[in-house]
Amino acid sequence: MTAWPPNVKALGAWRSRAFTDHMLPLWKTDTTMPPGSPFEADAHHDVVIVGAGITGLTTAVMLSRAGLDVAVIESGAVAELATGGNTGKLSLLQGKRLAEIRRHHPAELVRAYVDANRDGMDWLLAFADTAGISYTRRTDHSYAQGRSGVDTVRAQHEAAREAGLSTRMLGATELSSLPFPVAGAVALDDQVMIDPALVARALAAELLASGGTLHTGIRVTGAHALPSAHVDTDAGPMSADHIVLATGAPILDRGLYFAKIRGLRSYCVSFRVPGEVLDTTFLSVDDPTRSIRPVSAADGPVGTAQLIVGGNGHPVGRSDSEAAAIDDLVAWTRRHFPDAEETNRWSAQDYESHNLIPFVGALPRGLGRIRFATGYAKWGLSNAPAAARRLTDEILGTSYRDRPKWMLRIATRLTVPADIGRGATEGIKVGRAAASGWADAESRSVPVAQPAEGEGVVANRAGLPVGVSTVDGVTRAVSAVCPHLGGVLAWNDAECTWDCPLHASRFEPDGTRIEGPALTDLPELPRTGRR
């Protein structure tokens with residue numbers, strides 16, 4: 001396993017000593033969180049929201065401001081997963097996303113997507129101003145690392161201009177002073193850098209101050225529309241007139257949305273860099289992905305780091321080594337910023353819809369009582385408030401004539417052949433992952449040698465895959481079959497977790513569920529092996 005630098009701090013979804021010595025988002029160096037509310041089983045609220053990330057909390061605040069009684073339930077802490085792992089970029093440029101959407105959809109849909117994100121950005125910044133949260137405005141760049149990416153840069157520029165953004169093209173000569181290779185870029189001024197965890201904490205504080213309810217450390221295990229809307233939790237049931245699933249992947253399989261999105265993990269490393277650092281942000285349009293953003297006292301923890309480098313994303317559970325992906329970012333940074341000193345490393349999970357536009361609205365067979373949002377493709381800081389706006393309008397019954405035009409355009413988008421093609425391609429990959437996982441498990445039988453510290457292996461016991469890992473000096477065996485749809489799990493050597501390559505559920509070494517569409521833990525099994 002990769003040797004972790006001694007100065008790397010940690011706090012994450014899983015709190016074993018090994019994990020917390022490894023992975024900590026920069027934003028979580030301050031772990032102060034608003035106090036939660038005592039849980040009352042069988043309580044009733046106007047709205048119950050599952051998930052205390054940006055989506056859940058912005059929806060909660062919007063509804064609370066409208067006078068509704070809102071409760072938020074979160075299995076971990078505020079900003080536990082995707083929100084806490086965000087890079088803090090709030091940009092309408094978004095790498096090559098606009099070009100990707102435009103390649104398969106009409107210009108009107110791209111404009112609607114941009115308008116939705118603009119509304120989301122405006123709402124979040126207005127909230128930050130009210131809450132006293134500082135941020136900085138910077139020029140954002142979508143750039144090509146090599147000549148093969150220049151055409152994508154041009155396509156991004158054209159799609160952005162068509163959608164009403166004032167972008168401009170820059171050539172390699174104009175960017176020659178940068179410390180890393182750039183063959184061309186498209187730039188957009190006045191984009192924003194902000195601390196995402198600070199925003200989430202402030203949202204939670206407003207919710208509580210307005211009389212709302214926040215339950216942390218409570219896991220929701222089910223949601224139902226009949227006989228009345230209610231959720232099941234590990235602390236008892238709770239009912240509501242409306243339920244919102246703000247959980248990344250929906251925790252209900254209605255509508256088969258787990259098959260209409262794909263889970264992606266990507267990585268970040270923060271650094272102290274002596275001297276002057278960049279004053280603009282960059283995201284590559286070609287692979288391997290590089291996301292570069294400076295950190296200042298106005299948009300991040302004071303004095304902790306001056307630079308964040310991210311990238312190397314991949315579908316969950318389909319990587320030869322997650323630790324190697326992080327090490328590659330470190331090596332790249334030290335090559336171009338030779339005196340950079342690593343401070344933190346972390347990863348985050350987000351979901352991309354096969355039709356490239358987020359899914360937001362009512363779940364099928366939910367009688368209009370259960371809603372969800374997913375598929376932000378790593379741009380949650382603007383997509384989440386936009387989704388919250390739509391969820392709020394639907395719950396309040398706001399007239400269509402009083403809703404923004406983008407909302408209707410996105411809500412009525414059509415599935416096009418490219419959407420079906422991407423879904424089919426992902427389905428083939430899922431099928432291959434399922435088959436190879438079972439085949440690999442059958443090739444190795446227990447007992448197996450005790451894995452080294454931080455390592456895990458899947459073996460076969462009586463025809464069933466078993467995951468054996470050693471973390472914190474403790475060797476455990478758990479079922480290596482995902483309880484969602486039976487995928488064989490893969491060991492994540494960066495975070496010491498079991499990850500599902502089918503639909504992105506993740507579990508701790510002892511089997512405790514972390515995230516994804518799976519609802520239950522992995523059974524822990526008696527270990528039989530040899531030392």
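## Exercises: a cavity, a helix crossing and backbone exceptions

The lining of the second largest cavity holds ten nonpolar residues, one polar and one charged. (Ala, Val, Leu, Ile, Met, Phe, Trp, Tyr, Cys and Pro count as nonpolar; Asp, Glu, Lys and Arg as charged; the others, Gly among them, as polar.) The model is predicted: local features need pLDDT of at least 70, side-chain atom pairs count only at pLDDT 80 or more, and totals for chains, interfaces and linings use all residues. Residues are numbered from 1 along each chain as its sequence is written, and side-chain values use heavy atoms, with hydrogens and water left out.

**Exercise 1.** Find which elements give two or more residues to the lining of the second largest cavity.

*Solution.*
- Fix the term. A cavity is a set of points on a 1 Å grid over the protein atoms alone where a 1.4 Å probe fits but cannot get out; lining residues have an atom within 4 Å of a point.
- Take the volume. The second largest cavity has about 110 Å³ of space.
- List the lining. Among its residues are Tyr-113, Ala-116, Asn-383, Ala-386, Arg-390, Trp-406 and Ile-410.
- Assign elements. Helices H4 (107-131), H8 (380-396) and H9 (405-411) each give two or more. (Helices are DSSP runs of H or I, at least four residues, and strands are runs of E, at least two, numbered from the N terminus.)
- Rank them. H8 gives the most, four residues.

**Exercise 2.** Classify the crossing of H4 and H8.

*Solution.*
- Compare the axes, which are lines fitted to C-alpha atoms over the stretch in contact, with angles from 0 to 180 degrees between N-to-C directions. Those of H4 and H8 come within 7 Å and cross at roughly 95 degrees.
- Apply the class. The helices are therefore roughly perpendicular (65 to 115 degrees).
- Inspect the contact (heavy atoms within 4.5 Å). H4 brings residues including Tyr-113, Asp-119 and Trp-123; H8 brings residues including Leu-381, Pro-385 and Arg-389.
- Sort by class. The contact has eight nonpolar, four polar and two charged residues.

**Exercise 3.** Locate the cis peptide bonds before Pro-227 and Pro-288, and the positive phi of Leu-356.

*Solution.*
- Recall the background. Most residues other than glycine have a negative phi, and most peptide bonds are trans.
- Leu-226 to Pro-227 is cis, with omega near 0 degrees. Pro-227 sits in the loop between strands E8 (220-224) and E9 (230-233).
- Asp-287 to Pro-288 is cis, with omega about -5 degrees. Pro-288 sits in the loop between strands E12 (281-284) and E13 (290-294).
- Leu-356, not a glycine, has a phi of about 75 degrees. Leu-356 lies in the loop between strands E15 (341-353) and E16 (359-362).

Conventions: On a 1 Å grid over the protein atoms alone, a cavity is a set of points where a 1.4 Å probe fits but cannot get out, and a pocket is an open set with protein on both sides within 12 Å along at least five of seven lines; lining residues have an atom within 4 Å of a point. Grid points are joined across faces, edges and corners, and a volume is the space filled by probe spheres set on the points. Angles under 35 degrees count as roughly parallel, over 145 as roughly antiparallel, 65 to 115 as roughly perpendicular and the rest as oblique.
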